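Let's take a walk through a protein model and see how its parts fit together. Have the sequence handy as you read.

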Amino acid sequence: MKKLNIHNLKAKEIKKLHTWLRALIQILYFLFLPSVYTAAFAGVKYIFIQIGAGEAIGMTSFVTVLIVLCAYTILFGRFFCGFACAFGSLGDGIHAFYLWCFKKRKKKPVLLSEKITEKLSYLKYLVLTVIAVLCFAGVYGKAKGTSPWDVFSMLHAGNLHLQGYLPGVILLLLIIVGMCLEERFFCRNLCPMGAVFSLLPVLPFFALHRDRENCIKGCSGCTKKCPSGIGLPEDGSLKVEGDCFQCQKCIDTCPKKHIHTGIKGLKGNEFWFTILRAILLLVIMIWAGV
């Protein structure tokens, strides 16, 4: 059996390989480990409920998942968001299908403008704040049926008994429309866990950087390809963008191949490093009891 040598492949072949690898990881996590997001978010809600009630915070399974996922994110960036979150993968699939339909019809798709998306991106902090306040006040339980991710979890599990969940169903449908109009609509604009992750102090070692010294003037291809519309920090910078989903789409977009992780020795080995991070995340989640 011939060994796969990434370095011998052409740029288009490498891009295709990265695309299929990401799709495979997303599908596997979507099918077999969809509850990581809800488990971590349950940990966030539990903490605020306990604080509001003046009670001790126990090391529940939800809190354990939250802590280990946050620790993983601090080390590797938002790899979970880009590759393993079921809600994020749903958004990618819906957006890709939406674009495919317009391509087949040879028409330009209707998309949200960047000016609108820049303003909407702050909504996730408001969503997190509102949920935190409701939990702190001990009234979040009264909002049962309004959560779109609860509805999604029920549908994913094959539970169609959605009586009392009409607000959540409506919100989910609206989010799906948004997923059509903007790549990573929910992740970028509404996800409360995304708000938590974006506030974490991510270490620069495995975050994406770019060597701007020889960049093509006026290119900005990586920023245009980015679902969050953000620019990458330069080599040697300790800055890490909190809204980077680690989707790695920018790597194959750069015509000069200047984009790499903070550890230059990994440049050109993103394929294997991606697999390693996916396996490590899987092991951690199994250990955490998801």
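A helix here is a DSSP run of at least four residues marked H or I, and helices are numbered from the N terminus. With that in hand, we can place Gln 246: it sits in the loop between α12 (221-225) and α13 (249-253). Keep in mind that this is a predicted model.

**Two loop residues with an unusual backbone angle**

Gln 246 is not a glycine, yet its phi is positive, near 60 degrees. Is Gln 246 buried or exposed? Buried means under 20% relative accessible area, and Gln 246 has 2% relative accessibility, so it counts as buried.

Lys 106 also has a positive phi without being a glycine, in this case about 55 degrees. You'll find Lys 106 in the loop between α5 (86-104) and α6 (114-120). The cut-off for exposed is over 50%, and Lys 106 has a relative accessible area of 78%, so it is exposed.

**Helix α2 and the nonpolar cores**

Helix α2 covers residues 36-53, which makes 18 residues. From its first C-alpha to its last it reaches 26 Å, close to the 26 Å expected at 1.5 Å a residue. Several residues of α2 are buried, including Val 36, Tyr 37, Ala 40, Phe 41 and Val 44. Just after α2 comes Gly 54, with a positive phi of about 70 degrees.

Which residues touch the most other members of the largest nonpolar core? They are Phe 80, Phe 87, Phe 186, Met 193 and Leu 281, out of 59 residues in that core. Helix α3 (residues 61-76) gives the largest share of this core, seven residues. Another core lies apart from it, with seven residues, among them Leu 208, Leu 232, Ile 251 and Cys 254.

Take a closer look at Met 193. Leaving out residues up to four places away in sequence, Met 193 touches Tyr 37, Ala 40, Phe 41, Val 44 and Leu 66. Tyr 37, Ala 40, Phe 41 and Val 44 are among the buried residues of α2.

**Charged pairs**

Side chains of opposite charge can pair when their charged atoms come close. How many salt bridges does a search of the whole structure find? The search finds eight, and here are three of them:

| Pair | Closest N to O |
|---|---|
| Asp 92 and Arg 22 | 2.9 Å |
| Glu 182 and Arg 188 | 3.3 Å |
| Glu 183 and Lys 249 | 2.2 Å |

Start with Asp 92 and Arg 22, whose side chains meet in a salt bridge. This pair links distant parts of the chain: Asp 92 is in helix α5, Arg 22 is in helix α1 (residues 11-32), and they are 70 residues apart. Asp 92 has a relative accessible area of 11%, so it is buried. Arg 22 counts as buried too, at 9% relative accessibility.

Asp 92 has another partner as well. Its side chain makes a polar contact with the side chain of Arg 184 (2.9 Å). Setting aside neighbours within four places in sequence, Asp 92 is in contact with Arg 22, Gln 26, Glu 183 and Arg 184.

Next come Glu 182 and Arg 188, joined by a salt bridge. Glu 182 is buried, with a relative accessible area of 5%, and Arg 188 counts as buried at 7%.

Then there is the salt bridge between Glu 183 and Lys 249. It also links distant parts of the chain: Glu 183 is in the loop between α9 and α10 (185-189), Lys 249 is in helix α13, and 66 residues separate them. Lys 249 counts as partly exposed, at 23% relative accessibility. Elsewhere, salt bridges that share partners join Arg 22, Asp 92 and Arg 184 into one network.

**What the record adds**

An unreviewed UniProt entry lists "transmembrane region" for several stretches, including residues 20-44 and 122-140. In the model, residues 20-44 are 88% helix and 0% strand, with end C-alpha atoms 33 Å apart. Residues 122-140 are 74% helix and 0% strand, and their end C-alpha atoms are 22 Å apart.

**One last loop**

Ala 157 is in the loop between α8 (148-156) and α9 (166-181). At 65% relative accessibility, Ala 157 counts as exposed. Ala 157 and Ser 35 are 122 residues apart in sequence, but 10.0 Å apart in space, C-alpha to C-alpha.

Technical notes: Residues are numbered from 1 along each chain as its sequence is written. This is a predicted model: local features need pLDDT of at least 70, side-chain atom pairs count only at pLDDT 80 or more; totals for chains, interfaces and linings use all residues. Side-chain values use heavy atoms; hydrogens and water are left out. Helices (H or I, at least four residues) and strands (E, at least two) are DSSP runs, numbered from the N terminus. Buried means under 20% relative accessible area, exposed over 50%, partly exposed in between (1.4 Å probe, protein chains only). The expected span of a helix is 1.5 Å times one less than its number of residues. A nonpolar core is a set of buried Ala, Val, Leu, Ile, Met, Phe, Trp, Tyr and Cys residues joined through side-chain atoms within 4.5 Å. Contact means heavy atoms within 4.5 Å. A polar contact is a pair of N or O atoms within 3.5 Å; within protein, one must be able to donate a hydrogen and the other to accept it, and residues adjacent in sequence count only if both atoms are side-chain atoms. UniProt positions are given in the numbering used here, feature names are shortened, and annotations may be inferred rather than shown by experiment. A salt bridge is a side-chain nitrogen of Lys or Arg within 4 Å of a carboxyl oxygen of Asp or Glu.
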